[in-house]
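This report describes selected side-chain packing and local geometry in one protein chain. The sequence and the model come first.

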Amino acid sequence: MSDVKRITAPFDKDVVKTLKAGDNVLISGYIIAARDAAHKALTEALARGEKLPLDFKNQVIYYVGPTPAIPGNAIGSAGPTTSGRMDKYTPTMLDLGVSGMIGKGYRSDAVVESMKKNCVVYMVAIGGTGALISQSIKKYEVLAYPELGPEAVARLEVVDFPAIVAIDCDGNDFYKQGQAPFKQI
């Protein structure tokens, strides 16, 4: 297990190159919340030649569908959703300059190839810890597609958001590395 790396989001490709599969990270700054419906709306807008509601260059996208906030909190439970549901949209998003993604689970070969091409890191948050993760989210602001409710595109201000680098920009996969010793049994 590696030491914890503290990073500030958004971040550029120089930061991405320092992150390796298996690294534990604490992210502070601003990340973008967007999942299935938002990704569909964004890629459809691009296909129609429309301008997107924000510049995705160097942004980190968190695949989350938060629950409503309780009084005194910025957000309700905010655990990761399964990243594979975004895979059909991901290469398009990465071509926009996205630097990082946060979710849970595996990614397709096409996404990993796009990550290598675009120098992007994929991090995972621990599923089932949405209430704990929400404590690192200090502000939630809807930026686009409010009609999508919890799937709207939003900006999250985060402090020490915990994640693990699952796939680095060289395509090294922490899931595969962790499973390798057991496949020899």
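In this predicted model, Y175 is partly exposed, with a relative accessible area of 25%. Its ring partner Y106 is exposed at 51%, just over the 50% cut-off for that class. The number of aromatic pairs in the model is two, and both are set out below.

| Pair | Centre to centre | Angle between planes | Geometry |
|---|---|---|---|
| Y62 and F161 | 5.0 Å | 80° | edge-to-face |
| Y106 and Y175 | 4.8 Å | 45° | tilted |

Y106 sits in the loop between β4 and α4, while Y175 belongs to helix α6 (residues 174-183), so the tilted pair ties together parts that are 69 residues apart in sequence. The edge-to-face pair also links distant parts of the chain: Y62 is in strand β3 (residues 60-62) and F161 in strand β7, 99 residues apart. Y62 and F161 are both buried. A further ring is that of Y122, where R107 lies over the face at 4.9 Å from the ring centre.

Helix α4 spans residues 109-118, and its buried residues are V111, V112, S114, M115 and N118. These lie on the same side of α4, because the arc they cover around the axis is only 160°. The face turned away from that buried side carries D109 and K117, which are exposed. Among the elements covering the buried residues are α1 (13-16), α3 (90-95), β4 (100-103), β5 (121-124) and β7 (153-167). Just after the helix, C119 adopts a positive phi of about 55°.

C119 is also one of the residues touched by S99, which is located in the loop between α3 and β4. S99 has a relative accessible area of 0% and is therefore buried. Its side chain reaches the backbone oxygen of F11 at 2.9 Å. Leaving aside residues up to four places away in sequence, the contacts of S99 include F11, D12, K13 and V16, as well as N58, Q59, V120 and V121.

Another serine, S134, is placed in helix α5 (residues 130-134). S134 counts as buried because its relative accessibility is 11%, below the cut-off of 20%. Beyond residues up to four places away in sequence, S134 touches I75, G76, S77 and A78.

An unreviewed UniProt entry lists residues 12-177 as "domain: Fe-S hydro-lyase tartrate dehydratase beta-type catalytic". In the model, this span is 25% helix and 27% strand, and its end C-alpha atoms lie 26 Å apart.

Methods
Residues numbered from 1 in each chain as written. Predicted model: local features only at pLDDT ≥ 70, side-chain atom pairs only at ≥ 80, totals over all residues. Heavy atoms only, no water. Helix = DSSP H or I, 4+ residues; strand = E, 2+ residues; numbered from the N terminus. Buried < 20%, exposed > 50% of the residue type's maximum accessible area, 1.4 Å probe, protein only. Contact = heavy atoms within 4.5 Å. Arc of directions from axis to C-beta. UniProt positions renumbered as here; feature names shortened; annotations may be inferred. Polar contact = N/O pair within 3.5 Å; in protein donor to acceptor, adjacent residues only side chain to side chain. Phe/Tyr/Trp six-rings, centres within 6.5 Å; stacked < 30°, edge-to-face > 60°. Lys NZ or Arg CZ within 6 Å of the ring centre and 35° of its normal.
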